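Subject: Handing over the structure, with notes

Dear colleague,

Here is the structure I promised to pass on to you, so please open it beside this email and keep it in view while you read.

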Amino acid sequence: KSNKTINDNLARIKKRNGQIFVLFIVRHASQWKYQGIYELFLLDKLFLVKILVAIDVKNESWKHDQILALKKFQNYECEILNAFDSNGHLLIHSKDLMPDIVFFPKVIEGYDPFSITHFERSLNCYVPYSTYGDNNPELQYNRIFHNLLWKHYVATEIHLKISRNVNYLKSKNVVVSGYPGFDNYLFGDANYENDFSVWPFDGRKKIIWAPHHTIEVSDQNSNHSNFLFYHDLFKEISYRFRKEVCFAFKPHPNLRLKLYRLEDWGTEITDEYYNWWSRNENTILVEGGYEDLFTHSDALIHDSVSFMAEYLCLGKPSCYIVKDETLLKKFLNEFGLSLLSYHQKAHCRDDIYEFIENIISGEAKANDNKTVPNFLRANEMRSSEFIYSDIKNSFFS
């Protein structure tokens with residue numbers, strides 16, 4: 001899509017009387033990062049807002065994904081459209097929608113029925129569902145999808161710099177907006193206690209263990225494939241510190257399905273392991289949203305690149321489990337390495353024990369004596385407000 005096409009679309013929408021139709025496409029409920037942006041557009045009478053649940057029917061868990069997404073959005077105030085019926089047959093074609101603005105949940109291109117190439121008359125926007133701390137610039141910034149966007153919103157100046165090195169358009173459509181997933185951590189009241197918290201408030205410390213889904217044995221994945229090494233240790237730890245700590249098991253959404261397929265695990269053993277976390281007096285299992293979980297916790301132990309940034313916004317102690325330091329540093333980009341520098345690192349069982357003991361004793365300092373990194377706060381306003389204002393101002397400039 002050339003600049004001329006985008007400018008023509010913008011001019012056509014400006015001329016037309018009536019509301020501007022904004023469409024949010026949803027793939028996975030767990031990857032919905034547009035809540036704050038959605039709410040601002042919904043409140044503005046200039047815009048007509050709809051949400052399209054367009055799950056990926058090529059994914060074997062698509063029926064489960066569809067149920068979760070439809071349930072999540074069932075009470076939203078705008079019209080919710082379901083792209084597929086229960087058999088995976090297309091109910092709504094992209095050509096039937098004719099939105100003025102589209103927010104994509106992830107890269108959608110090629111033969112997908114909701115590929116960006118089917119929205120030639122729309123102004124297409126994108127906020128990545130992760131803040132990309134891993135070193136994969138071509139896939140993150142220079143696919144056909146990225147070069148067809150009207151606005152590609154990124155979290156920091158570091159991301160803009162990385163994109164300029166690879167992007168065909170030299171990132172002329174990239175805007176540093178901050179990250180909507182940071183908004184409530186950086187700008188919200190992170191010290192309240194609510195009646196619906198997943199945590200018990202009984203004076204014990206609250207520590208999260210969030211393992212990544214990577215369990216494949218290969219050099220490429222060695223930087224964060226720690227679950228199989230530590231799954232028994234964390235049960236042992238939770239029992240040992242049962243009087244001092246409540247532990248939350250927050251696995252990556254893909255971990256359960258991978259364990260189902262793994263020799264020596266399978267459905268029964270996997271479900272039993274997960275259920276163990278939900279039935280003990282000082283352990284909880286959290287598989288859904290995690291904002292409340294993060295906000296009311298005292299510390300995080302993990303090996304997830306996407307959580308590296310989000311948790312740092314709270315300025316709380318965070319421990320990253322490292323399997324191979326050399327491979328990890330190759331795997332991370334400049335942003336990821338900056339995040340890692342604010343983490344305590346665990347290379348073995350003893351390091352994990354020491355981190356937990358320091359949390360209990362109060363010796364663990366927030367981010368190893370560092371506060372919230374300045375580079376995570378791109379603007380002096382919520383990212384959602386910045387993006388909403390940037391788009392609205394485009395129609396009045």
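The notes below go from the whole chain to its two sheets, and then to the helices that pack on them and on each other.

Before anything else, please keep in mind that this is a predicted model.

The whole protein

The secondary structure comes to 17 helices and 13 strands. The radius of gyration of the protein is 22 Å, close to the 21 Å that the globule rule gives for 397 residues, and so the protein is as compact as a globular protein of that length. If you follow the C-alpha trace along its principal axes, the protein spans about 65 × 45 × 45 Å.

The sheet of 7 strands

One open sheet is built from 7 strands in the order β3-β2-β1-β4-β5-β6-β7, and the pairing in it is parallel. At its edges you will find β3 (79-82) and β7 (174-176), each of which pairs on one side only. From one strand to the next, the twist of this sheet averages 25°.

To see one pairing in detail, look at strand β2 (residues 47-53), which runs parallel to β3 and is joined to β3 by 4 bridges. Within this pair, Leu52 stands opposite Leu81 in β3.

Two helices that pack on this sheet can be picked out. Helix α2 (residues 35-43) touches β1 (20-26), β2 and β4 (101-104), and the direction of α2 makes about 140° with that of β2. Helix α7 (residues 157-166) touches β6 (151-154) and β7, and its direction makes about 160° with that of β7.

The helix α2 also has a helix as a partner, since α2 and helix α17 (residues 383-394) pack at an angle of about 45°, with their axes 8 Å apart. That angle makes α2 oblique to α17, and the crossing of the two is right-handed. On the side of α2 the contact is made by Gly36, Ile37, Leu40 and Phe41, while α17 contributes Ser384, Glu385, Ile387, Tyr388 and Ile391. Sorted by class, the residues of this contact between α2 and α17 divide into 6 nonpolar, 2 polar and 1 charged.

The sheet of 6 strands

Another open sheet has 6 strands in the order β10-β9-β8-β11-β12-β13, again with parallel pairing. Here β10 (283-285) and β13 (344-346) stand at the edges with a single partner strand each, so one side of each is left without a neighbour in the sheet. Neighbouring strands of this sheet are turned by 20° against each other on average, if direction is ignored.

For a pairing to follow by eye, take strand β8 (residues 205-210) and strand β9 (residues 245-249), which pair in the parallel sense over 5 bridges. Here the bridge partner of Lys205 is Val245 in β9.

Helix α11 (residues 266-279) packs on this sheet, where it touches β8, β9 and β10, and its direction makes about 125° with that of β10. Helix α16 lies across β8, β9, β11 (299-302), β12 (318-321) and β13, and runs at about 170° to β11.

Helix α9 and its two partners

What do the contacts of α9 with α16 and with α11 look like? As a reminder, two packed helices are described by the angle between their axes and the distance between the axes.

The axes of helix α9 (residues 227-240) and helix α16 (residues 349-361) come within 12 Å and cross at roughly 30°, which makes α9 roughly parallel to α16. This crossing of α9 and α16 is right-handed. In α9, the residues Tyr230, Leu233, Phe234, Glu236, Ile237 and Arg240 meet Arg349, Ile352, Tyr353, Ile356 and Glu357 in α16. By class, the contact of α9 with α16 has 7 nonpolar, no polar and 4 charged residues.

Turning to the other partner, α9 and α11 pack at an angle of about 30°, with their axes 12 Å apart, which makes α9 roughly parallel to α11. Here α9 passes α11 in a left-handed crossing. The residues Phe227, His231, Phe234, Lys235 and Ser238 in α9 meet Tyr273, Trp276 and Trp277 in α11. The contact of α9 with α11 divides into 5 nonpolar, 2 polar and 1 charged.

With best wishes

Key:
Residues are numbered from 1 along each chain as its sequence is written. This is a predicted model: local features need pLDDT of at least 70, side-chain atom pairs count only at pLDDT 80 or more; totals for chains, interfaces and linings use all residues. Side-chain values use heavy atoms; hydrogens and water are left out. Two strands pair if DSSP finds at least two bridges between them. Axes are lines fitted to C-alpha atoms, for helices over the stretch in contact, and angles run from 0 to 180 degrees between N-to-C directions. Contact means heavy atoms within 4.5 Å. Angles under 35 degrees count as roughly parallel, over 145 as roughly antiparallel, 65 to 115 as roughly perpendicular and the rest as oblique. A crossing is left-handed if the near helix is turned anticlockwise from the far one by less than a right angle, and right-handed if clockwise. Ala, Val, Leu, Ile, Met, Phe, Trp, Tyr, Cys and Pro count as nonpolar, Asp, Glu, Lys and Arg as charged, and the others, Gly among them, as polar. The radius of gyration is taken over C-alpha atoms; the globule rule is 2.2 Å times the number of residues to the power 0.38.
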